[in-house]
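Me: I'm new to this structure and would like to get to know its charged pairs. Could you walk me through them?

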Amino acid sequence: MTSCDYPNFKTHFAELLRQAAYTIISPDTAIRIELTRTKQASHGDYSCNLAMQLAKSLHQSPRDIANKLIDAMPASLYLDKAEVAGAGFINLFLTHAAKQQCAHQVLQHPDTYGKSDYGHDKKIQVEFVSANPTGPLHVGHGRGAAYGASLANVLTAAGFNVSREFYVNDAGRQMDILTLSTWLRYLELNDIYIPFPQNAYQGNYVSVMAQLIHQAHADRYVHQPKLLLDGLPDSVLKAVVTTDEHLDILIGNAKKILGQDYAYFHNFVLTEQLGDCRNDLMEFGVEFDVWFSEQSLYDNGSVARTMELLEEKKYLYEQDGAIWFRSTDFGDEKDRVVQRENGQYTYFASDIAYHLNKFERGFEQVINIWGADHHGYIPRVKGALQALGLDSDKLEIALVQFAVLYRDGKKAPMSTRSGEFVTLRELREEVGKDAARFFYVMRKSDQHLDFDLDLAKSQSNENPVYYVQYAHARICSVLAQWDGQMSDLETADTATLTNPVELTLLQKLIDFPDTVEMAAKEYSPHLIAFYLRELASEFHSYYNSTRFLVPEIPLQNARLALIAAIRQVLNNGLTLLGVSAPDKM
RNA sequence: GUGCCCGUAGCUCAAUCGGAUAGAGCACCAGCCUUCUAAGCUGGGGGUUACAGGUUCGAUUCCUGUCGGGCACGCCA
């Protein structure tokens, strides 16, 4: 937390302007005072457009109002000057002393600098990745993982009480298809060849799981494979065409044949895939507080109970043998099935129960991070929450556009079915965790991401992450060659830091807490990435223009205090993004 | 066909919920290492923010239309 003797200047000056404003307008007038950082040094450090906002209602020129506001502003020892510019902007200039003090601030509160209580400990959940445990995570999941983890870190830093959650789709058809796929591969290992459906899981990891079972249990689960083809047309035998119906028949037959042993296979592949997924994410620096099982919602009756609730509120009806939810009442384009003709609940049904459960756990804000291809799914989920009498505005869906892979200048396929996908693990091994994490959050999450594999692999030293890390390593190197005590820098006299580049750097350090807050407010961790690049850029420029280890001790200590503070902020920022800050490169 | 998102430098992307002269990186050109890490720095060329209107002190941002691109439109998950 920032200590009370060193203010947030945006907040501080906004308050002064508020007091000034109420000398010329009625105190019960609602005004929004927003300070923005200026782009040009000649415009000062902070700028406010309040005068232009008031111009219309006061019937005065913006510049006249601006002058009145400046005259009415209470004095501040941090304010060097305030002036009117342009159409009526009020430009505020910080004193050098105010900026120089920031270096001390950072060094005296190294781990907490950048944090704030903006979130007021509000209980917030971030649910992300939530990939089907039916195969390895691919590079599309990687983006959701990097975004979600960074966002959760940013929210935590901004003072929210964050819970990271992974929703495990352990119930449903996709798991059954994987189970069937594994059993078929297992049968092959026992020299029993049943045509492998083209719409089953083709990936090599399926065979690997089958081998594990075969090694442990030999032919124990062979049973009567011929019965598997009961009720299927001959075309399936030739493995030319298999439809979804064929697959469902195969699954049904497998369940019948295997009996209790089906549960063994199902559980084995789930445990195996989930473990792999958890491990993969951990190596990517992404961890979760809660792994929430979809199956548990069936086991404890939550799904049935949720459906009863909707039934009581008259939002369900029967048609064509299925049960429908009236999502059109809430703006969806059509009503949606919650229970199929065959009596099975749909994924949507358990999802409603899941979201009800989230609210019952007391989260004041819930963020779901979904792939952008799910955008059509939003109205029905929000509709269901409204039907249950909940405030759907407390559910924020952050859509993450898929990363489109390019290989040899062409789009590369990345379906989990085709077996040709690029996995997150492969990507990590090729470009490293740090580069992958940084690269993923370099751009706004709702923008398409072109991921050029050749570039990322062959020219990874061009990745911007090295630029930032290099700045950190350079500072470490300088400080290692200095023989003083770090504690001396905490109180070093920084009054000599008056060069433009030094003042720019100090202002940049002051900006860090505001940047974190903005990133939290806008759910935009990419702002941190851009901030770090700018800070690193200004540092590299400083490094090339100014020597730090100089004979004059007071001057040396002042400069070292500044670069030590920069190192700390680089470290704090990189940590938010899950990227390491190396001492050497 | 309907709905949602998007269109900014040659390429990949920014632009603090409408602000001042639209910014970076890569690529290209010209310079800087007997001195703290050259994975760096300095300078330069590059734009009618897809197009046409509208709203106002002010538009890349908001509204309408056109063109172009992506995604979604299952009793799948």
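**Charged pairs in the fold**

Reply: Happy to! Arg-428 has a relative accessible area of 10%, so Arg-428 is buried. Please keep in mind that this is a predicted model.

Me: Which side chain meets Arg-428 in a salt bridge?

Reply: Arg-428 lies in helix α15 (residues 424-431), and its partner sits in helix α10 (residues 260-283), so the pair ties together parts that are 145 residues apart in sequence. The partner is partly exposed, with a relative accessible area of 43%. The N to O distance is 3.1 Å, and the side chain that meets Arg-428 is Glu-283.

Me: Is Glu-165 buried or exposed?

Reply: Glu-165 forms a salt bridge with Arg-361, at 2.8 Å from N to O. Glu-165 is in strand β6 (residues 161-168), while Arg-361 is in the loop between α13 (347-360) and β11 (365-371), 196 residues apart. Arg-361 counts as partly exposed, at 26% relative accessibility. Buried means under 20%, and because Glu-165 is at 0% relative accessibility, the answer is buried.

Me: In which helix do Glu-188 and Arg-185 both lie?

Reply: These two form a salt bridge, with their closest N and O atoms 3.1 Å apart. Arg-185 counts as buried, at 15% relative accessibility. The two residues are 3 residues apart, about one turn of the helix, and that helix is α6 (residues 173-189).

Me: How many salt bridges does a search of the whole structure find?

Reply: Some residues are joined in a network of salt bridges, namely Arg-173, Asp-244 and Asp-248. For the whole structure, the number of salt bridges found is 16.

Terms used: Residues numbered from 1 in each chain as written. Chains lettered and ligands numbered in written order. Predicted model: local features only at pLDDT ≥ 70, side-chain atom pairs only at ≥ 80, totals over all residues. Heavy atoms only, no water. Salt bridge = Lys/Arg side-chain N within 4 Å of Asp/Glu carboxyl O. Helix = DSSP H or I, 4+ residues; strand = E, 2+ residues; numbered from the N terminus. Buried < 20%, exposed > 50% of the residue type's maximum accessible area, 1.4 Å probe, protein only.
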